[in-house]
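Here are some exercises to help you get to know a new structure. Try each one yourself, then follow the solution step by step.

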Amino acid sequence: MVTSPDLIVFDVNETLSDMAPLGEAFAQEGAPAGLAATWFAGILRDGFAVTAAGGNAAFAEIAQDSLHRLLSAHGVTAPGESVERIMGTLKSLNVHPDVVPGVEALRQVAELVTLTNGATQVAESLLSSAGVREHFSELLSVEDAPAWKPARSSYDYAVTHRGTDPQKMLLIAVHPWDIHGAHQAGLRTAWINRTGARYPVYFARPDLEAADLPALAAQLTAVGG
């Protein structure tokens with residue numbers, strides 16, 4: 001990337017929201033804490049499958065149904081009540097520690113929006129609770145697009161809706177599959193690598209990589225001169 005973006009597009013789930021409390025929520029219901037990661041991966045898998053088949057199911061619908069079946073399979077005696085409590089935790093997560101200073105710094109670089117595979121209301125609650133909602137001009141969801149990310153039509157929806165040249169849009173995400181999808185749609189990309197992970201060789205490389213949002217903001221500020 002040789003110029004700073006006009007519009008920064010944030011993924012929400014995991015990129016902004018800290019999902020660590022979900023493990024404890026599972027443990028409190030008598031299920032292994034590690035099952036939380038399995039659940040979330042399964043939500044994405046099934047959402048991607050629906051998209052590949054030409055559909056667009058709601059994130060919450062997949063999350064609730066798959067959670068009930070998963071808890072039942074692991075011997076939770078009242079899965080319906082447990083689903084309600086765990087879904088409550090999912091909807092009331094906090095942001096990662098770097099999000100507030102990072103968002104405040106990135107707002108000085110470009111206009112900010114979100115593009116999530118989840119519901120707009122969840123992003124609204126997350127950002128409002130963190131005190132950074134005012135820094136985002138709009139919250140977008142694939143519920144209003146033809147398909148989930150990483151289908152090209154999801155990014156095309158954001159491009160068309162915002163009326164911005166995709167080369168002047170920067171997608172920020174922790175998920176390599178999201179980076180790859182945005183790249184294929186012509187957007188610039190930035191991978192937030194909080195864990196020091198190795199990037200998959202089979203996905204398009206991000207234009208930028210940073211350990212957290214403030215570090216990315218510093219890179220973009222340097223690019224902008």
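Before you start, please keep in mind that this is a predicted model.

**Exercise 1. Find out how much surface the chain exposes, and how much of that comes from carbon and sulfur atoms.**

Solution. Start with the total: the chain exposes about 9900 Å². Next, take the share by atom type: carbon and sulfur atoms supply 52% of this area. Then turn to the residues themselves: of the 225 in the chain, 49% are buried.

**Exercise 2. Describe the overall build of the chain, and decide whether it is as compact as a globular protein of that length.**

Solution. First, list the elements: the chain holds nine helices and six strands. Second, compare two values: the radius of gyration is 17 Å, and the globule rule gives 17 Å for 225 residues, so the chain is as compact as a globular protein of that length. Third, look at the extent: the C-alpha trace spans about 60 × 35 × 35 Å along its principal axes. Finally, consider the contacts with a separation of 6 or more: 61% of them join residues 24 or more positions apart.

**Exercise 3. Count the positive and negative side chains, and say how far apart the centres of the two sets lie.**

Solution. The count gives 14 positive and 25 negative side chains. The centres of these two sets are 5 Å apart.

**Exercise 4. Locate the largest nonpolar core and the residues with the most contacts inside it.**

Solution. Begin with a general idea: in soluble globular proteins, nonpolar side chains tend to be buried together. In this chain, the largest nonpolar core has 46 residues, and F26 and W39 have the most contacts inside it. Now zoom in on F26, leaving aside its neighbours within four places in sequence: its contacts include A31, P32, L35, W39, L67, L71 and I86. There is also a second, separate core of 28 residues, with F10, V99, L139 and L220 among them.

**Exercise 5. Is S17 buried or exposed?**

Solution. Place the residue first: S17 sits in the loop between strand 1 (7-10) and helix 1 (21-28). Then use the cut-off: buried means under 20% relative accessible area. S17 has a relative accessible area of 4%, so S17 is buried. Beyond its neighbours within four places in sequence, S17 is in contact with V12, L93, N94, V95, H96 and L126.

**Exercise 6. Study the backbone at E14 and at the peptide bond from K149 to P150.**

Solution. Recall the usual pattern: most residues other than glycine have a negative phi, and most peptide bonds are trans. E14 is not a glycine, yet its phi is positive, at about 75°. E14 belongs to the loop between strand 1 and helix 1, and its relative accessibility of 28% makes it partly exposed. The bond from K149 to P150 is cis, with omega near 10°. P150 lies in the loop between strand 3 (136-141) and helix 7 (152-162).

**Exercise 7. Work out where P101 and Q64 lie, and which distances link them to P214 and I43.**

Solution. P101 is in helix 5 (residues 99-106) and is partly exposed, at 38% relative accessible area. Although 113 residues separate P101 and P214 along the chain, their C-alpha atoms are 6.4 Å apart. Q64 is in helix 3 (residues 59-73) and is partly exposed, at 37% relative accessible area. Q64 and I43 are 21 residues apart in sequence, and their C-alpha atoms are 9.3 Å apart. Leaving aside its neighbours within four places in sequence, Q64 is in contact with V83 and M87.

Methods:
Residues are numbered from 1 along each chain as its sequence is written. This is a predicted model: local features need pLDDT of at least 70, side-chain atom pairs count only at pLDDT 80 or more; totals for chains, interfaces and linings use all residues. Side-chain values use heavy atoms; hydrogens and water are left out. Helices (H or I, at least four residues) and strands (E, at least two) are DSSP runs, numbered from the N terminus. The radius of gyration is taken over C-alpha atoms; the globule rule is 2.2 Å times the number of residues to the power 0.38. Buried means under 20% relative accessible area, exposed over 50%, partly exposed in between (1.4 Å probe, protein chains only). Contact means heavy atoms within 4.5 Å. Accessible areas come from the Shrake-Rupley method with a 1.4 Å probe; for residues, only the protein chains shown count as cover. Lys and Arg count as positive and Asp and Glu as negative; His and the chain ends are not counted. The place of a charge is taken as NZ of Lys, CZ of Arg, CG of Asp or CD of Glu. A nonpolar core is a set of buried Ala, Val, Leu, Ile, Met, Phe, Trp, Tyr and Cys residues joined through side-chain atoms within 4.5 Å.
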